[in-house]
Amino acid sequence: MFKLKIDIATLFPRMFEGPLDESILKRARQKGLLEIAIHQLRDYAEDKHRVTDDRPFGGGPGMVMRVEPIVRCVESLKAADSWVILLSPRGAPLRQATLTRLAQRPHLILLCGHYEGVDERARELVVDEEISIGDYVLTNGALPAMVLVDGVARLVPGVLGDAESATEESFSDGLLEYPQYTRPAEFRGRKAPEVLLSGNHEEIARWRKEQSRRLTRERRPDLGK
Ligand code: 9D3
């Protein structure tokens with residue numbers, strides 16, 4: 001049985017408590033398919049005040065994460081088969097293809113940035129890959145790490161049920177999802193499209209494909225469909 005281990009190094013361990021203890025992630029951890037451990041970076045600082053940040057050399061606004069706690073933490077977690085990811089606004093944008101690649105690895109170490117950035121030597125010494133979740137500014141890398149965990153976990157064999165996995169395949173054509181309806185057939189005068197109630201599965205498939213193409217063209221022309 002394949003198992004994915006994820007270690008997360010952060011200054012805000014409690015940000016992970018809720019999301020990891022719900023729904024599919026909770027079930028995956030209980031089943032032993034996913035092993036997640038959260039580590040407080042502050043615990044790896046050597047000085048008595050456990051300082052993890054300092055002012056940037058050369059001046060400028062904000063604080064920089066110090067190299068020692070990061071390197072000490074990652075080196076204590078690292079094994080021969082580990083892959084270390086720094087979540088940072090200047091990383092490569094996260095894609096579904098990134099998730100499928102990362103889901104093949106047995107051990108991920110996620111390093112969550114904070115402050116204005118991370119001492120460059122920490123990157124050089126322990127980071128294999130730098131990832132961003134998009135072009136907007138957040139307060140720290142904890143939610144991006146959580147996004148990555150969520151996206152990668154559902155790709156681990158056995159994490160999703162059969163029904164959930166089947167859904168994956170039908171959307172893998174690079175188009176946006178078609179509109180869905182369920183009972184009642186009419187709500188406040190708004191009817192579900194007749195074709196979906198027709199029982200004609202060829203016509204239903206054609207309608208859905210058409211809707212997917214229209215939505216993709218209108219909302220995501222960048223997907224090139
Ligand atoms: C002045 C330059 N800022 C970068 C845009 C500094 C900065 C702002 C916010 C540095 C770090 C952060 C905290 N964000 C993250 O660590 C982060 C992040 C994000 O803000 N957006 C999208 N993906 C990510 S991954 C980590």
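A residue is called buried under 20% relative accessible area, exposed over 50%, and partly exposed in between, with a 1.4 Å probe and protein chains only as the basis. The model is predicted, so local features need pLDDT of at least 70 and side-chain atom pairs count only at pLDDT 80 or more, while totals for chains, interfaces and linings use all residues. Residues are numbered from 1 along each chain as its sequence is written, and side-chain values use heavy atoms, with hydrogens and water left out.

**Exercise 1. Two residues with positive phi**

Task: State where R188 and R50 lie, and classify each as buried, partly exposed or exposed.

Solution.
Step 1. R188 sits in the loop between β9 and β10 (190-191). Helices (H or I, at least four residues) and strands (E, at least two) are DSSP runs, numbered from the N terminus.
Step 2. The relative accessible area of R188 is 76%, so R188 is exposed.
Step 3. Phi of R188 is positive, about 50 degrees, although R188 is not a glycine.
Step 4. R50 belongs to the loop between β2 (34-40) and β3 (53-54).
Step 5. With a relative accessible area of 32%, R50 is partly exposed.
Step 6. R50 is also a residue other than glycine with a positive phi, near 50 degrees.

**Exercise 2. The overall form of the chain**

Task: Decide whether the protein chain is spread out or compact by the globule rule.

Solution.
Step 1. Count the elements: the protein chain has nine helices and ten strands.
Step 2. The radius of gyration of the protein chain is 22 Å, and the globule rule gives 17 Å for 225 residues. The radius is taken over C-alpha atoms, and the rule is 2.2 Å times the number of residues to the power 0.38.
Step 3. Because 22 Å is well over 17 Å, the chain is more spread out than a compact globule.
Step 4. The C-alpha trace spans about 70 × 45 × 35 Å along its principal axes.
Step 5. Of the 225 residues, 38% count as buried.
Step 6. Of the contacts with a separation of 6 or more, 79% are between residues 24 or more positions apart. Contact means heavy atoms within 4.5 Å.

**Exercise 3. Helix α6**

Task: Find the span of helix α6 and say how many of its residues are buried.

Solution.
Step 1. Helix α6 covers residues 142-153, twelve residues.
Step 2. From first C-alpha to last, α6 reaches 16 Å, close to the 16 Å expected at 1.5 Å a residue. The expected span is 1.5 Å times one less than the number of residues.
Step 3. Nine of the twelve residues of α6 are buried, and the helix is mostly covered.
Step 4. Among the buried residues of α6 are M146, L148, V149 and V152.

**Exercise 4. A loop residue after α6**

Task: Describe the surroundings of G158.

Solution.
Step 1. G158 is in the loop between α6 and α7 (162-170).
Step 2. Its relative accessible area is 41%, so G158 is partly exposed.
Step 3. Not counting residues up to four places away in sequence, G158 touches K31 and L33.
Step 4. G158 and L215 are 57 residues apart in sequence, and their C-alpha atoms are 32 Å apart in space.

**Exercise 5. V127 and E130**

Task: List the contacts of V127 and of E130, and classify both residues as buried or exposed.

Solution.
Step 1. V127 is in the loop between α5 (120-126) and β8 (129-132), and E130 is in strand β8.
Step 2. V127 counts as buried at 17% relative accessibility. E130 is buried, with a relative accessible area of 17%.
Step 3. Neighbours within four places in sequence aside, V127 contacts V84, L86, L111 and A122.
Step 4. Not counting residues up to four places away in sequence, E130 touches L86, S88, R90, G91, A92 and R123.
Step 5. The C-alpha atoms of E130 and V84 are 8.6 Å apart, with their positions 46 residues apart in sequence.
Step 6. V127 and P193 are 66 residues apart along the chain, and their C-alpha atoms are separated by 51 Å.

**Exercise 6. A cis peptide bond**

Task: Which residues does the cis peptide bond join, and what is omega?

Solution.
Step 1. The cis peptide bond joins R183 and P184.
Step 2. Omega is about 5 degrees.
Step 3. P184 lies in the loop between α7 and β9 (186-187).
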